[in-house]
Amino acid sequence: MIDKPAGLPVHPGPKTTHSVESLFPLLSKRKDGPWLVHRLDADTSGCLLIALRKQALVEAQALFAAGLVRKTYWAVVGNAPKEGDGIIDTPLRKVTTKEGWHMAPHADGQNAVTAWRVLSRNQSKALMALTLLTGRTHQARVHCAALGCPIIGDERYGGGKGGLHLMSRSLEATLTTEQVSARAEPSESFRHTCHGFGLALP
């Protein structure tokens, strides 16, 4: 498990060769690994699970596919919800346009469910915990926007410009040989934003 910083993509791409995968030789010299078990957006920081062996990769990916991995995110949103907690059950599908692609709520999309809870709030902003019960692309971001609470810095989904204030706070999974549990700490910029808005970090 690593704590991925915001701004670092997990895969190399046409615009950058520096990525989590490019750092794999520092983690292991094995010829048959390591591998990414799942993904995080480049601008999302926090817990990222990496398998050093193929058996662990297959088992962990099966747990993700079965929804048996508990994934909790923290997000600072620009419009605090009125309620203290709830469930977002909104299917999502990929939409491609001339400008690029994005995920959008759609009745014919893939099932997507997020449980959310307000950790701290002021008159307009909130710090929220998001437990992803499914693993769709951009799920946390689109579901917050659908709730009317876009994540600060999420320009694609209505949160304005600036750094994306979304982090993978914790991840828990039970493998055959061990219990995997990790928690990431908020970055300095995440903490600074929370303190600036008077939002208490648990």
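**Entry: hairpin β7-β8**

I count two strands as paired if DSSP finds at least two bridges between them. The model I am reading is predicted. I began with strand β7, residues 92-97, and strand β8, residues 100-105. The two run antiparallel, and six bridges join them. I looked up how β7 connects to β8, and found a hairpin that passes through two residues. For one register point I took lysine 94, whose bridge partner in β8 is methionine 103.

**Entry: strand β10**

I turned to β10, residues 126-132. Which strands pair with β10, and in what sense? I found β5 pairing with β10 in the antiparallel sense over seven bridges. Strand β9, residues 113-121, also pairs with β10 in the antiparallel sense over seven bridges. On the β5 side, I noted that tyrosine 73 has leucine 130 as its bridge partner in β10. On the β9 side, arginine 121 stands opposite alanine 126 of β10. The link from β9 to β10 is a hairpin through four residues.

I then checked burial along β10. In a regular strand the side chains alternate between the two faces of the sheet. I therefore read the two faces of β10 separately, and both are covered. On one side I listed Ala126, Met128, Leu130 and Leu132 as buried; on the other, Leu127, Ala129 and Thr131 are buried too. Seven of the seven residues of β10 are buried, so the strand is largely enclosed by the rest of the structure.

**Entry: histidine 138 and helix α3**

Where does histidine 138 sit? I placed histidine 138 in the loop between β10 and α3. Its phi is positive, about 60°, although the residue is not a glycine. Is histidine 138 buried or exposed? I have it as buried, because its relative accessible area is 9% and the limit for buried is under 20%.

Next I went through α3, residues 139-146. Six of the eight residues of α3 are buried, so I record the helix as largely enclosed by the rest of the structure. The buried ones are Gln139, Ala140, Arg141, Val142, His143 and Cys144. After α3 comes glycine 148, for which I noted a positive phi near 90°.

**Entry: largest pocket**

I looked up the largest pocket and wrote down a volume of about 1200 Å³. Its lining is made of 37 residues, and the closest to the centre are Arg39, Leu40, Asp41, Thr137 and His138. Histidine 138, the buried loop residue noted above, is thus again on my list, because it lies among those closest to the pocket centre.

Which elements supply at least two residues each of the lining? I found α2 (54-65), β5 (70-77) and α3 (139-146). By class, I recorded 16 nonpolar, twelve polar and nine charged residues in the lining.

**Entry: two loop residues**

I looked up leucine 52, which is found in the loop between β4 (50-51) and α2. Leucine 52 is partly exposed, with a relative accessible area of 42%. Proline 34 is 18 residues apart from leucine 52 along the chain, and I read 4.3 Å between their C-alpha atoms.

I did the equivalent for aspartate 43, in the loop between β2 (35-36) and β3 (45-48). Aspartate 43 is partly exposed, with a relative accessible area of 44%. Alanine 66 is 23 residues apart from aspartate 43 along the chain, and here I read 26 Å between the C-alpha atoms.

**Entry: rings**

How many aromatic pairs are there? I counted zero, with a cut-off of 6.5 Å between ring centres.

I then looked for charges over rings. The charged end of lysine 125 sits over the ring of phenylalanine 197, and I noted 4.8 Å to the ring centre. Arginine 156 lies over the face of tryptophan 101, at 4.9 Å from the ring centre. The number 101 falls within β8, residues 100-105, the strand of my opening entry.

Conventions
Residues numbered from 1 in each chain as written. Predicted model: local features only at pLDDT ≥ 70, side-chain atom pairs only at ≥ 80, totals over all residues. Heavy atoms only, no water. Phe/Tyr/Trp six-rings, centres within 6.5 Å; stacked < 30°, edge-to-face > 60°. Lys NZ or Arg CZ within 6 Å of the ring centre and 35° of its normal. 1 Å grid on protein atoms, 1.4 Å probe; cavity = no way out; pocket = protein on both sides within 12 Å on 5 of 7 lines; lining within 4 Å. Points joined across faces, edges and corners; volume = space filled by probe spheres on them. Nonpolar A, V, L, I, M, F, W, Y, C, P; charged D, E, K, R; others polar. Buried < 20%, exposed > 50% of the residue type's maximum accessible area, 1.4 Å probe, protein only.
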